[in-house]
Number of protein chains: 2
Amino acid sequence: MTQPETRVTAGMIVIGDEILSGRTKDVNIGAVADFCTDLGIDLTEVRVVSDEMDHIVEAVNALRSRYTYVFTSGGIGPTHDDITADAIAQAFGVALPINAQARAMLEARWQQTGTEVNEARLRMARIPEGADLIVNSVSAAPGFRIGNVHVMAGVPVIMRAMLEALAPTLQGGKKVSSVSIKCAVGEGTLGGPLAALQAEFPDVKMGSYPQMGRDKVMVELVLRSSDEARLAQASAAVRAMVVDIHQKAGVALPQE
Amino acid sequence: MTQPETRVTAGMIVIGDEILSGRTKDVNIGAVADFCTDLGIDLTEVRVVSDEMDHIVEAVNALRSRYTYVFTSGGIGPTHDDITADAIAQAFGVALPINAQARAMLEARWQQTGTEVNEARLRMARIPEGADLIVNSVSAAPGFRIGNVHVMAGVPVIMRAMLEALAPTLQGGKKVSSVSIKCAVGEGTLGGPLAALQAEFPDVKMGSYPQMGRDKVMVELVLRSSDEARLAQASAAVRAMVVDIHQKAGVALPQE
């Protein structure tokens, strides 16, 4: 058991019929569990609920009054059955307008990728009033934080990238720092050397987050540790590996 | 969506600190979800709770009043932190004596395997008063059913075997029949031909349940379908495959 000075707790809500029908096997619970453990946050309860307004609202209100933090995954996509933002707005009793910043993030990505703006896609820019955005480095459509509730995507790689974006804003049992390194080579190339470095630095968590929907390959490596010195050592080692791999591949390093 | 004549619902409770800490990644939610879908039961909510009495009792009482069935996994082993039986007894307000039938099942297995009877192991024979046992074909220690709550092991292969044992006792949206075939050759040998037959009969679910803690290899194959004719065809094909494999291996077929 971790021994934080004050006990920091969390509840999680997994939203989606596809998990309850068995069609999709959840992996986000394990990811949030690992994430909380790393930060010294005590994940105390998880609920999986269907895509029904009442169920989501009830779970959100039950858990947000009980725990320091609530994390949700799922239901923030562009289709009619993605109703998480609506449910959160209802749970907090606030409006759900198109958020200008979220719309700008989405439109910037859509312009890059030549994606048509339509009503369904713009649903993803609807953010409850008073919420802060959670950056989505993978596919642009942001999550958001309102009160102590953090609303994230259900797609595992996007959810994990959102967790990384969140980490610095959370108060854990111990302080964790992170370093982000951008790459223009694919995960298949980075995987082996990164795994070797992860084995060399088991106390520094190394995550890899490919960005989707771009014309060029872009992978963000995120290193996280509560030990600043070790984090600096590991970052130097990963940077050296990344520079070397780009040189061998004849690819320019992306601008930070 | 399935269209049963009457809607049959279920809630699930996953019990265990190891899931919430991330040390163990849950796979039982997906298994119960698939199981319910196959039976036409609508899995409506899942909760993951820690190994704390109050949390388990609260979740059990919340879900058993809400859904047709409740399934739990985890916390029925021999160690001090296995408190599911205690929590269920408390939730139902009944005693938790050593159950003679459960004790006999365990002692029969322990005699076969030369396992010492001790106090910790006998914890596994403590069953809430008024409960029926759920047979555990893998490691003998039974689960149990009390009211509409079905209490199962957390080890995935054992939980799945208990689901198979349960299936005939549940009222689903459509009737599902099952056939069980015992084998004395290992899963590594059965796996390929069984997968081929599963591909040939996609509408007949085929499960494989190795039994642990025996001196001889023993695998139970379970076939399940709502279509009696297809189940009979598939069973005949699997039986022929099993006979053939035993002959080739020079191993006698186990007594049914």
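The following dialogue examines the contact between two chains of a predicted model and one link inside chain A.

Modeller: In this predicted model, local features need pLDDT of at least 70 and side-chain atom pairs count only at pLDDT 80 or more, while totals for chains, interfaces and linings use all residues. Residues are numbered from 1 along each chain as its sequence is written, chains are lettered from A in the order in which they are written, and side-chain values use heavy atoms, without hydrogens and water.

Biologist: How many residues does the contact take from chain B and from chain A?

Modeller: Contact means heavy atoms within 4.5 Å. The contact takes 21 residues from chain B and 21 residues from chain A. The buried area, which is the accessible area (1.4 Å probe) that two parts lose on being put together, summed over both, is about 1800 Å² here, with carbon and sulfur atoms giving 50%.

Biologist: Why is the meeting of A:R66 and B:E58 called a salt bridge?

Modeller: The term requires a side-chain nitrogen of Lys or Arg within 4 Å of a carboxyl oxygen of Asp or Glu. The side chains of A:R66 and B:E58 meet at 2.7 Å, N to O, so the pair satisfies the definition. Across the interface of chain B and chain A the rule finds four salt bridges.

Biologist: Which elements give two or more residues to the side of chain B that touches chain A?

Modeller: They are α1 (17–21), α2 (28–39), β2 (42–49) and α3 (53–64) of chain B. Helices (H or I, at least four residues) and strands (E, at least two) are DSSP runs, numbered from the N terminus. The largest share, seven residues, comes from β2(B).

Biologist: What makes β2 of chain A and β2(B) a pair?

Modeller: Two strands pair if DSSP finds at least two bridges between them. Five bridges join strand β2 (residues 42–49) of chain A to β2(B), so the condition is met. The two strands run antiparallel, and A:E45 has B:V49 as its bridge partner in β2(B).

Biologist: Why does the salt bridge of A:D86 and A:R126 tie together separate parts of chain A?

Modeller: The closest N and O atoms of A:D86 and A:R126 are 2.9 Å apart. A:D86 lies in helix α4 (residues 84–92) and A:R126 in the loop between α6 (119–122) and β4 (132–134), so the pair ties together parts that are 40 residues apart in sequence.
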